[in-house]
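Colleague: I should be grateful for an account of the terms used for this structure. Please show it first.

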Amino acid sequence: MNFREVINQFKDKNILVIGDVMIDAYLRGNVNRVSPEAPVPIVSLQKEEERLGGAANVAINLVAMGAKAVLCSVVGNDKAGKQLVELLTENNISADGLVFSPERQTTVKTRIIGNNQHLLRIDSEQVDDISENEATDLVQKVESIIHHSKVDAIIFEDYNKGVLTEKVIAEIVSVANANNVITTVDPKHKNFFAYKNVTLFKPNLKELKEGVNKIFSFQETEKFEEAVAVLEQKLNNQISFITLSENGVFIKDKITQHHVPAHIRNIADVSGAGDTVISVATLCLTAGMSIKEVAEIANLAGGLVCEKSGVVSIDKELLIKEVGAAVKF
């Protein structure tokens with residue numbers, strides 16, 4: 001079987017993406033003068049743009065690979081929340097997993113760009129944990145989707161914005177495991193060790209060091225492997241997948257482990273690479289690929305998006321071409 005045949009399977013995959021979602025807004029224009037009111041540039045507005053961000057970028061990558069994605073989160077019952085649904089519809093992402101709360105604010109990050117330079121960012125957000133009632137509503141939404149439709153995997157995409165509480169994580173992982181649904185995690189520091197009993201846990205090296213509270217480099221093999229052992233002892237996860245920036249990726253299950261070096265790239269921007277890696281890795285798991293193949297293909301995917309400026313989704317055809325040249329099935 002070649003990788004194009006594997007990708008053809010993805011169109012039948014249904015993936016839930018659970019986590020912190022946001023709108024990335026951009027105000028672009030020219031700067032020709034300084035304000036007489038204060039020593040700040042005046043931007044003559046030429047273009048306004050809104051994009052999906054946070055966990056929604058993971059969903060965009062899934063759709064780009066041909067899969068179906070359902071976004072599950074708690075957002076505000078506000079203007080930005082309605083705009084978010086419109087953006088999801090435009091990007092062929094289901095909003096069936098969204099909980100709209102009158103007590104919550106939808107996250108919007110607005111960037112002001114003048115003469116192609118980033119001048120200012122304004123964050124409109126609420127980062128405290130969602131309430132018990134909101135957590136219950138979200139878990140019930142996810143349970144309903146799992147029980148009434150085919151779900152192949154769940155991706156937890158954590159940005160420390162309050163949606164993925166310990167309650168939400170524990171209850172959804174429990175439901176997923178009871179229904180034989182693959183669970184994968186792109187963690188942040190706050191609830192790092194709350195993701196017990198998941199299928200695949202994917203921190204980067206910095207997050208791993210912060211999580212186990214140790215200082216080491218990947219080249220310090222013994223210390224690195226000790227950190228992974230601590231991680232697995234606390235989480236009881238099936239697969240550990242550590243992204244290592246310029247050193248590639250490391251993957252390990254109960255039987256084998258592999259280090260896949262990075263490919264030489266012209267790096268333009270690393271933004272969004274982690275979203276691409278977790279998306280592609282999850283889809284490869286649903287297709288029954290070995291952990292070595294999962295690591296090799298996800299590593300290639302992450303590298304490809306780093307060659308583009310800004311947050312971009314994976315190009316499926318380009319990935320097929322790269323995998324054909326670099327990975328032996």
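Colleague: What makes Glu166 and Ala178 exposed residues of helix 5?

Modeller: In this predicted model, exposed means over 50% relative accessible area, buried under 20%, and partly exposed in between (1.4 Å probe, protein chains only). Glu166 and Ala178 are exposed, and they lie on the face of helix 5 turned away from its buried side. Local features need pLDDT of at least 70, side-chain atom pairs count only at pLDDT 80 or more, and totals for chains, interfaces and linings use all residues. Residues are numbered from 1 along each chain as its sequence is written, and side-chain values use heavy atoms, leaving out hydrogens and water.

Colleague: Which residues of helix 5 are buried, and what puts them on the same side?

Modeller: The buried residues are Val168, Ile169, Ile172, Val173, Val175 and Ala176. They cover an arc of only 165 degrees around the axis, the arc being that of the directions from the helix axis to the C-beta atoms, and therefore lie on the same side of helix 5.

Colleague: What do the buried residues of helix 5 pack against?

Modeller: They pack against strand 1 (14–19), helix 4 (132–148), strand 8 (153–157) and strand 9 (182–186); contact means heavy atoms within 4.5 Å.

Colleague: Why is 166–178 called a helix?

Modeller: A helix is a DSSP run of H or I of at least four residues, and a strand one of E of at least two, numbered from the N terminus. Helix 5 has 13 residues.

Colleague: How do you know that strand 2 and strand 3 pair?

Modeller: Two strands pair if DSSP finds at least two bridges between them; strand 2 (residues 21–34) and strand 3 have 13, in the antiparallel sense.

Terms used. The expected span of a helix is 1.5 Å times one less than its number of residues.
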